[in-house]
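Let's take a walk through this protein together. Have the sequence and the 3D view at hand as you read.

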Amino acid sequence: MTRGLVFNIQRYSIHDGTGIRTIVFLKGCPLKCPWCSNPESQGSVRTSVWMKNGAEESLGKWMSVDDVLHEVEKNEIFYRTSNGGVTLSGGEVLMQADFAAELLKEVKALGINTAIETTGALPLKQIRKVLHYTDQVLFDLKIMNPDKARQIIGEKIGMIKQNFEEALNSTARVIPRVPLIPGYTTPLENLRQIGNYVTGLGIEEIHILPFHQYGSSKYHYLKRSYHLKDTPLLKQEEINTIKEFFESAHIKTVVSGLG
Ligand code: SF4
């Protein structure tokens, strides 16, 4: 049976898809977002370590589909009573697309709603493996200028759009999500490009995820510098202005939590 490298399983989430959900975090991500709140997931799919409280702690555990199912089934009652389910996150889920597809298939076979969080930063064949078993796709749109996207986070915008449009052509419900990172994704021109792109595709709902500092201590454990440590959180008025900006383009805008 295929095994996947999982670095966390988080229960009772209400931000990553409908209802109450269990989030399974898969290790590995090809991008390098400077604001990443899961920097331990970046890089190739392999176990690693960090130093926490003076002791070495390993990151990532190889699990079979059955191992993960055993964990997620414990909360089945919450999924059924809240229209919730299981969300695969990361890292970048598509780095482990074969494992993700097998897991999503089995979760769906149990009658549990499935979701993925993705940036779509891998070739199209990866997302095609999982879409058939996915009810909701929470798709991050970050920096739309191709040069800036490549330089800052290592993202190829052409590939992101291909993946996004592939998801839209599937049976899954697709929600574009914009992390609001001051100076990176919040410049008006970037928001305008995102708005134009999604409205051009007929999308009527977007989620915005205000910047937070929850992952900052992880950089310390990894002995890496965190370049956004002095970046202030957005004020409520700034978040409202961005919400109003999208809503003026007739896009229902939901303020959500950053995954
Ligand atoms: S895509 Fe997500 S996991 Fe990957 S570097 Fe960016 S924020 Fe981190």
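**From a hairpin to the charged pairs**

In this predicted model, a good place to start is the pairing of strand β3 (residues 48-52) with strand β4 (residues 55-59), which run antiparallel and share 5 bridges. Pick out Met-51 and look across to β4, where Glu-56 is its bridge partner. The hairpin leaves 2 residues between the strands, and Asn-53 adopts a positive phi near 50° there.

Next, turn to the ligand. The residues around the ligand are Cys-29, Leu-31, Lys-32, Cys-33, Cys-36, Ser-41, Gln-42, Gly-91, Thr-119 and Lys-142. By type, this shell divides into 4 nonpolar, 4 polar and 2 charged residues.

Keep Lys-142 in view, because Glu-155 is buried without a salt bridge, and Lys-142 is its nearest side chain of opposite charge, 5.5 Å away. A salt bridge here needs a side-chain nitrogen of Lys or Arg within 4 Å of a carboxyl oxygen of Asp or Glu, so a separation of 5.5 Å does not qualify. Glu-155 sits in the loop between α5 (146-153) and α6 (157-168). Leaving aside residues up to four places away in sequence, Glu-155 touches Leu-31, Thr-119, Lys-142, Ile-143, Pro-146, Ala-149, Arg-150 and Ile-160.

Which residues does Lys-142 join in a network of salt bridges? The linked residues are Asp-16, Glu-117, Asp-140, Lys-142 and Arg-177. Within this group, the side chains of Asp-16 and Arg-177 meet in a salt bridge with an N to O distance of 3.8 Å. Asp-16 lies in the loop between β1 (3-13) and β2 (21-26), while Arg-177 belongs to strand β9 (residues 173-180), so their pairing ties together parts that are 161 residues apart in sequence. Asp-16 is buried, at 7% relative accessible area, and Arg-177 is buried too, at 3%.

Altogether, the model has 17 salt bridges. Another one joins Lys-129 and Asp-98, whose closest N and O atoms are 3.2 Å apart. This pair also links distant parts of the chain, with Lys-129 in helix α4 (residues 124-131) and Asp-98 in helix α3 (residues 97-109), 31 residues apart. Lys-129 is partly exposed at 30% relative accessible area, and Asp-98 is partly exposed at 47%.

Finish at helix α9, where Glu-247 and Lys-243 form a salt bridge with their closest N and O atoms 3.1 Å apart. These two are 4 residues apart in helix α9 (residues 236-248), so about one helical turn separates them. Glu-247 is partly exposed, with a relative accessible area of 33%, and Lys-243 is partly exposed at 24%.

Definitions and conventions. Residues numbered from 1 in each chain as written. Predicted model: local features only at pLDDT ≥ 70, side-chain atom pairs only at ≥ 80, totals over all residues. Heavy atoms only, no water. Near = heavy atom within 4 Å. Nonpolar A, V, L, I, M, F, W, Y, C, P; charged D, E, K, R; others polar. Buried < 20%, exposed > 50% of the residue type's maximum accessible area, 1.4 Å probe, protein only. Lys, Arg positive; Asp, Glu negative; His and termini not counted. Contact = heavy atoms within 4.5 Å. Pairing = 2+ DSSP bridges.
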